[in-house]
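Please open the structure in a viewer and keep the selection panel at hand. The tour below proceeds by stops, each with something to select and a note on what is there.

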Amino acid sequence: MSSLDDASPVRVSADCALQSPAEHITQVITQGAQNHFTEVIDVTSAGMKSLSFVRQVLAACLCPQLLTDHSLPQDVRLRAQCLLDACDGGSVGSYSPSAGITHVRQSITDFITTRDAGVPSYSKDIFICVGSQGALMLLVKLLARGEGQTRTGVLTPVPCSPTLPLLLDAAGVKLLPYQLTEERGWATEVDELRRALTAARSHCEPRAIYISNPGNPTGHVQDRTSIEEVIEFAADQGLVLLADEVYQDSVYGPHAHFISYKKVLFEMDPELSQTVQLVSFHSLSSGCMRECGLRAGYMEAINLDPDVMHYFDVMLCFDISAPITGQLALDLMVRPPKPGEPSYDTYTQEILLTKATLSQNAQRAWQVLNDLPGMSCQPAMGGIYLYPRLHLPPEIIEQAKVLQVEADVLFCQMLLQEEGVLVGTGCHRDGDPRRHHLRLCVLVPADALEEALARLRSFQLRLMGRFPHANKGVKDKHRETAMSVNLREPPRGKHI
């Protein structure tokens with residue numbers, strides 16, 4: 001896979017490179033080596049138990065003999081039979097239509113219509129792919145054209161998902177960075193979007209803007225006014241709007257609520273709702289489902305040219321279809337047990353536990369991180385990550401330069417070696433090189449997070465103790481900023 005520039009593969013491979021030493025440390029501990037920690041704690045990705053209803057239904061689909069096993073709840077067996085009937089040949093081993101199983105696509109449209117308070121959705125606009133990023137890849141390939149000053153560009157937030165820069169590059173388009181404002185809770189400012197667009201037009205052809213809401217990895221959540229301003233900006237500039245809404249089920253901040261881009265668009269001026277090209281994405285990677293490995297997601301395309309939609313369907317014919325088990329899991333995600341059904345109570349309790357754990361973990365981690373010297377952290381309003389900033393001593397930054405690695409990568413390597421905690425490196429490609437961050441997943445068991453935070457605290461206090469001058473006059477300033485963002489209403493007006 002090629003890169004946009006030398007920074008692109010370094011950022012993603014840094015996380016991959018940390019996995020190997022983490023596995024080595026685990027192996028050494030298993031072989032009896034003495035260490036002050038007994039296991040490596042991974043807080044780079046979700047680590048909660050799967051939903052019982054989802055796994056039970058999939059088990060019955062994979063092993064149809066279970067359809068007559070009365071140890072499974074009746075609604076599980078009925079649902080599994082219904083899903084098998086929707087598969088060709090009644091088997092999960094069959095192929096599906098290129099855009100996905102018809103029954104599942106209809107379930108998705110029903111879910112979207114209900115979520116958006118009656119704004120209609122149509123199965124012809126739904127395409128099921130290998131995860132939301134698989135859908136994004138195919139769509140961006142459709143946008144890609146030209147070279148040099150005519151090469152397609154996509155406005156992309158900084159920071160963003162660490163895989164996004166390589167995805168855009170592999171699709172043949174140019175990443176056009178716009179900076180999220182950390183001091184305002186990772187807000188997107190319209191003036192910054194205009195600046196980024198103006199700068200980009202001198203060397204490429206911007207054709208789309210990518211938005212992550214709730215933000216990955218920042219945890220910011222946009223309100224209605226925010227979304228309206230982005231839609232108006234996209235309309236004024238003739239940009240396709242790409243809305244990543246994977247963490248829509250994981251909003252927990254005070255005054256924060258998820259509103260889909262589609263709902264807001266259709267409640268605006270009809271001229272906008274009939275012309276703005278919007279593509280939204282969702283997948284099994286959502287906070288409550290946590291079934292990333294099943295590799296299925298979907299996109300809904302609004303106001304795209306019918307010929308483009310047809311060509312997208314044709315491209316799906318030549319691409320790898322989403323696994324049937326993943327498509328069935330999508331159906332379970334958008335059509336969960338109903339009140340009165342045998343699985344409803346257990347399912348509801350598991351969902352509530354996941355959301356409570358996520359909310360409490362995010363608050364607990366935010367408090368701990370802001371109490372540490374050399375760190376500051378904006379509060380997350382949604383999503384599954386915190387994105388704390390490192391105020392590193394100059395000596396660490398110089399050492400990183402000597403080793404030819406990013407300073408936050410060096411920090412993560414040291415934390416892993418000394419305390420056995422695996423965290424994600426910052427993903428601020430094209431951002432301010434003076435800023436360094438970590439990516440911390442808070443969708444993990446509370447005891448695991450607490451242990452990880454305790455080890456991180458021990459390491460950070462030890463590190464900053466070596467350079468007591470480095471943190472003078474910095475901590476209180478950034479902590480007060482983070483506190484003020486947490487306590488006030490979501491940013492309004494120009495701040496999105």
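How do the residues of the lining of the largest pocket divide into nonpolar, polar and charged? The lining comprises 16 nonpolar, 15 polar and five charged residues. The model shown is a predicted one.

**The largest pocket**

This pocket has a volume of about 900 Å³. Select S161, T163, N216, Y247 and Y385, which are the closest to its centre among the 36 residues that line the largest pocket. Next, colour α1 (7-30), α5 (131-143) and β5 (205-212), each of which supplies at least two residues of that lining. The element that gives the most is α1, with five residues.

**The second largest pocket**

Move on to the second largest pocket, whose volume is about 520 Å³. It is lined by 19 residues, and those closest to its centre are F111, D249, M333, Y347 and K355. Two or more lining residues come from each of α4 (102-115), α12 (324-334) and α13 (344-371). Of these elements, display α13 with its side chains, since α13 gives the most to this lining, with five residues. The lining of the second largest pocket consists of twelve nonpolar, four polar and three charged residues.

**An enclosed space**

Now turn from pockets to cavities. The model contains six cavities of 30 Å³ or more. The second largest cavity has a volume of about 70 Å³. To find it, select P157, Y178, L180, S212 and H220, which lie nearest its centre among the 13 residues of its lining. That lining holds six nonpolar residues, seven polar residues and no charged ones.

**The largest nonpolar core**

In soluble globular proteins, nonpolar side chains tend to be buried together. For the case at hand, select V43, M375, L386, F411 and V423, which touch the most other members of the largest nonpolar core, a set of 51 residues. The elements that give this core two or more residues are α1, α13, β10 (385-386), α14 (394-403), α15 (407-419), β12 (421-422), β14 (436-441) and α16. The largest share, seven residues, comes from α15.

Centre the view on L386. Leaving aside neighbours within four places in sequence, L386 is in contact with P217, A362, A365, W366, L369, C377, Q378, A380, L438, R439, L440 and V442. Apart from the largest core lies another core, of 37 residues, including C61, I101, L284 and Y298.

**Q460 in helix α16**

Select Q460, which is found in helix α16 (residues 446-466). Is Q460 buried or exposed? Its relative accessibility is 1%, so Q460 counts as buried. Beyond residues up to four places away in sequence, Q460 touches L372, P373, G374, M375 and F411. Two of these contacts, M375 and F411, were selected at the previous stop as residues of the largest nonpolar core.

**Two cysteines**

The last stop concerns sulfur atoms. A disulfide is a covalent bond between the sulfur atoms of two cysteines. How many disulfides does the count come to? The count is zero. Select C204 together with C160: the closest cysteine sulfur to that of C204 is in C160, and because the two are 16 Å apart, they are too far for a bond. C204 is buried, with a relative accessible area of 4%. C412 likewise counts as buried, at 2% relative accessibility.

Conventions. Residues numbered from 1 in each chain as written. Predicted model: local features only at pLDDT ≥ 70, side-chain atom pairs only at ≥ 80, totals over all residues. Heavy atoms only, no water. Helix = DSSP H or I, 4+ residues; strand = E, 2+ residues; numbered from the N terminus. Buried < 20%, exposed > 50% of the residue type's maximum accessible area, 1.4 Å probe, protein only. Contact = heavy atoms within 4.5 Å. 1 Å grid on protein atoms, 1.4 Å probe; cavity = no way out; pocket = protein on both sides within 12 Å on 5 of 7 lines; lining within 4 Å. Points joined across faces, edges and corners; volume = space filled by probe spheres on them. Nonpolar A, V, L, I, M, F, W, Y, C, P; charged D, E, K, R; others polar. Disulfide = S-S within 2.5 Å. Core = buried A, V, L, I, M, F, W, Y, C linked by side-chain atoms within 4.5 Å.
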